[in-house]
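Let's take a walk through the aromatic side chains of this one. Have the viewer ready and follow along.

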Amino acid sequence: MAGQTDHALRGDYRHIRADYTVDQDYGRYTEDEQALWKRLYARQSVLVPQHACSEFIEILGALNFGAGIPHFDEINAKLFPATRWTLVAVPGLLPDDVFFTHLANRRFPVSVWLRTAAEFSYIVEPDIFHDFFGHVPLLFNPTFADYLEAYGKGGVKAHGLNALDYLARLYWYTVEFGLIETPKGLRTYGAGILSSAGELPYCVGDPKPNRIRFELLRVMQSSYKIDTFQESYFVIESFKELFEATAPDFTPYYAELRTRPTLTANQTIESDRLILLQ
Ligand code: HBI
Ligand code: FE
């Protein structure tokens with residue numbers, strides 16, 4: 001990872017605490033990074049009103065963090081009273097079990113470093129813009145916040161059951177790339193989309209991808225691609241539906257899933273309820 005950024009903390013795991021957290025060290029952000037943040041924010045925030053779910057739009061407007069890279073402390077002073085979640089600073093991707101343990105305890109890991117200008121439109125790893133712009137607003141929504149905790153608890157358990165692949169698919173197709181039906185039509189709540197300029201209009205407007213009614217086991221059967229726009233999106237009706245789907249113990253689901261074939265990212269099956277664009 002060295003050489004891809006001027007930011008000293010990108011991928012630097014040498015100073016992590018036992019739980020992989022670091023200090024945000026706000027003074028390290030350069031003027032160029034602050035300027036890049038403003039450009040990223042400006043581009044995404046104009047796309048949000050037409051494509052994001054209303055919960056996201058409202059909280060983004062209220063938080064108003066477009067003027068510069070946010071201070072985690074300042075956001076935590078608002079977030080903790082709202083939903084008892086806390087942002088923690090991390091150097092980048094975490095081992096699955098560490099990541100799940102944070103979520104299970106209502107701590108959301110946010111990468112401290114910002115992408116380079118060359119990565120303006122596409123970045124593989126989660127940086128502070130993806131983690132913050134994409135994920136933080138919905139942590140203020142009580143039902144979504146509860147879903148994410150339940151997900152983390154499920155992850156800790158899945159780790160012991162050798163079922164992480166299934167659970168990673170659930171995260172991918174909901175938290176990162178989920179769609180939701182709203183009175184204004186299909187919208188997204190997924191952080192991977194919300195932090196992408198190309199996929200925001202694509203996910204709700206392009207006829208090409210499949211849009212399939214969310215069904216828990218169907219989602220966990222489905223592989224995904226990390227380097228293209230998604231070929232299938234799963235559509236929920238509400239965050240409550242998502243939370244309730246994750247309430248049961250998944251152990252019997254994993255047993256069932258092991259008897260089923262893995263579906264490719266673009267595949268549809270007879271039982272799918274497809275949603276067509278109006
Ligand atoms: N670490 N920092 C960070 N952010 C993630 O989104 C993340 C992670 N580690 C593991 C991980 N995601 C996943 O395996 C998810 O699929 C659950
Ligand atoms: Fe993410």
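What follows is a tour of ring pairs, a ring cluster and charges over a ring.

Some ground rules: this is a predicted model, where local features need pLDDT of at least 70, side-chain atom pairs count only at pLDDT 80 or more, and totals for chains, interfaces and linings use all residues. Residues are numbered from 1 along each chain as its sequence is written, chains are lettered from A and ligands numbered from 1 in the order written, and side-chain values use heavy atoms, with hydrogens and water left out.

Searching the whole structure turns up 29 aromatic pairs. Rings of Phe, Tyr and Trp (its six-membered ring) pair if their centres lie within 6.5 Å; planes under 30 degrees apart count as stacked, over 60 as edge-to-face and the rest as tilted. Take Trp37 and Phe132: they meet edge-to-face, 6.3 Å centre to centre with 75° between the planes. This pair links distant parts of the chain, 95 residues apart, with Trp37 in helix α1 (residues 31-51) and Phe132 in helix α5 (residues 128-139). Helices here are DSSP runs (H or I, at least four residues; strands are E, at least two), numbered from the N terminus.

Trp37 is buried, at 0% relative accessible area, and Phe132 is buried at 0% too. Buried means under 20%, exposed over 50%, partly exposed in between (1.4 Å probe, protein chains only).

Both rings also belong to one aromatic cluster, with Tyr41, Phe56, Phe65, Phe72, Phe129 and Phe133.

Now look at Phe120. The charged end of Arg39 sits over its ring, 4.3 Å from the centre, and Arg43 lies over the face of Phe120 at 4.1 Å. That label requires NZ of Lys or CZ of Arg within 6 Å of the ring centre and within 35 degrees of the ring normal.
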